[in-house]
Amino acid sequence: MANNEELFKKITSHAKEYGFIFPSSEIYDGMAAVYDYGQWGVELKNNIRNYWWKSMTQWHENIVGIDSAIFMHPTIWKASGHIDAFNDPLIDNKDSKKRYRADVLIEDHISKIEDKINKEIEKAAKRFGDSFDKAQFVATNQRVAEYTAKAQEIQTKYASLMQNNDLAGIKKLIEDLEIVCPVSGTRNWTDVRQFNLMFSTKVGSVTDDADTIYLRPETAQGIFVNYLNVQKTGRMKIPFGIAQTGKAFRNEIVARQFIFRMREFEQMEMQFFVRPGEELKWFEYWKEERMHWHLSLGISPDKYRFHDHEKLAHYANAATDIEFEFPFGFKELEGIHSRTDFDLKRHQEFSGKKLQYFDPELNESYVPYVIETSIGLDRMFLAIFSNAYTEESLDDGSSRVVLRLPRMLAPVKAAVLPLVKKDGMPERAREIMEDLKYDFNLIYEEKDAIGKRYRRQDAIGTPFCITIDSQTMADNTVTIRERDNMQQERISAEKLRSYLSENINLKKYRK
Ligand code: GAP
């Protein structure tokens, strides 16, 4: 665990040092759980969003996109259930005056038990060496079995208490588990209360009369309330989808794990409208399709897993998370939910407007059922960034940090580097830049020795470095260095466009 914590610290400081992510309002000491994207961060984020957007809309004939406003009619949040039920259970420690999410205190307690299991496994692995069979050890070791049963028992108990909104029961569970405040070290807890996560503000000129409105906590409702507009104007036939990316806001109490849990973040959501009764078939389809999208980025399949929800929200009849192995363990990256006709029916009820579809094949009208895919852009950024971060020892005894980003997502696709600042090399390099910059995001660098410049590009994940040297001046060839294997080859400058196109191609990432 300590090693992973160390690694995570390195990843967050690399993100800052190389212009990917800065704490918000840093010169004023920052704001918890709010971050700004720097010069390379914004490029990487745009590229991830763009890949998602293209794969959803451009590559699916029956999915279109929208961009709805962040401010919406306040009744929308009543209809969706967010005003009444979008809560976190909070508890305060009376001595430290610190506030915690009750579920996170319990989750952390379970993580500690899991750490103990991992320690047992590590110890045994050392003891048995090459002959160690992890699966067999986990299945047969008495201590591991006890820890596993304990963790499961707590999990089940907590899920049932939450399901029944039994706040007193949750407090008792925290007391029974003897969980202490990490700051004061005491067990002097307040009662557990529900706390709504939506930010509110006022709209209107006179504060007293103004209406309370909310910053949207998800982008999905902007899709539901536009369902009929899109269906009619786009003459969409079921099954069809509406996609949207945009900011969402949640007053998260536990601010930690960098950009994993933020108060202002971005979602990429798609609602897929289907015939009632066909939703589970489409749920399976989207599970597979979304996992394929993740794997298409070339990240190891071992890093991903599904976590099917056993306890379902009242409006869902199937739900799963795609979890990713972040440096702090497997956590939710994306949710896929079969939301039935809950949202459209509620909006029908609260707005008084019919939100139905006339199905010409069945010759009947119905409220469509919905499959939702919902992924956090910032979380996806963290998944890609943390997976790409690599420290390498090289054969010559030196070391380097390289971001092994999927090439097509890299902020800069190629660096154009004159070997020296004379003999016409900078001018030739500028000509190459001019020729290619409309097709690829390039960077020009002439400062420092070439090795140092390569390292700087490695650190921001640039897949190719194009070097202009004396031979270029003689025969118009350049060297092109690949980021991951550091191999160089010499090609004609005329072939650069086709070389880069071939090697940074979205199509390569598809089925
Ligand atoms: N419309 C469904 C919905 O919003 P969710 O599970 O609450 O479902 C979907 O959120 C995704 O949004 C999550 O899987 C996660 O990637 C991202 N997300 C949620 N809360 C977040 C937060 N506070 N910070 C960053 N990303 C968040």
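**Reading the ligand site and the backbone**

Q: How do you know that glutamate 269 makes a polar contact with the ligand?
A: A polar side-chain atom of glutamate 269 lies 2.5 Å from a nitrogen atom of the ligand. A polar contact is a pair of N or O atoms within 3.5 Å, so this pair counts.

Q: What kind of model is this, and how are residues numbered?
A: This is a predicted model, with residues numbered from 1 along each chain as its sequence is written. Local features need pLDDT of at least 70 and side-chain atom pairs 80 or more, totals for chains, interfaces and linings use all residues, and side-chain values use heavy atoms, without hydrogens or water.

Q: Which atom of the ligand is close to the side chain of glutamate 332?
A: An oxygen atom of the ligand is 2.6 Å from an N or O atom of that glutamate 332 side chain. The protein covers 91% of the 560 Å² of accessible area that the ligand has on its own (Shrake-Rupley method, 1.4 Å probe).

Q: Which element gives the largest share of the shell around the ligand?
A: β13 does, with 5 residues. Strands such as β13 are DSSP runs of E, at least two residues long, numbered from the N terminus.

Q: Why is the pair of tyrosine 51 and tryptophan 59 called edge-to-face?
A: The ring centres of tyrosine 51 and tryptophan 59 are 5.9 Å apart, and their planes stand at 70 degrees. Rings pair if their centres lie within 6.5 Å; planes under 30 degrees apart are stacked, over 60 edge-to-face, and the rest tilted. So this pair is edge-to-face.

Q: Is tyrosine 51 buried or exposed?
A: Its relative accessibility is 2%. Buried means under 20% relative accessible area, exposed over 50%, partly exposed in between (1.4 Å probe, protein chains only). Tyrosine 51 therefore counts as buried.

Q: Why is tryptophan 59 called partly exposed?
A: Tryptophan 59 has a relative accessible area of 29%, so it falls in the middle class.

Q: What makes the phi of asparagine 363 notable?
A: Asparagine 363 has a positive phi of about 60 degrees, yet is not a glycine. Most residues other than glycine have a negative phi. Asparagine 363 sits in the loop between β14 (357-359) and β15 (364-366). At 59% relative accessibility, asparagine 363 counts as exposed.

Q: How do you know that the bond joining isoleucine 238 and proline 239 is cis?
A: Omega of the peptide bond between isoleucine 238 and proline 239 is about 5 degrees. Most peptide bonds are trans. Proline 239 is in the loop between α10 (227-233) and β9 (240-249); a helix is a DSSP run of H or I, at least four residues.

Technical notes: A polar contact is a pair of N or O atoms within 3.5 Å; within protein, one must be able to donate a hydrogen and the other to accept it, and residues adjacent in sequence count only if both atoms are side-chain atoms. Rings of Phe, Tyr and Trp (its six-membered ring) pair if their centres lie within 6.5 Å; planes under 30 degrees apart count as stacked, over 60 as edge-to-face and the rest as tilted.
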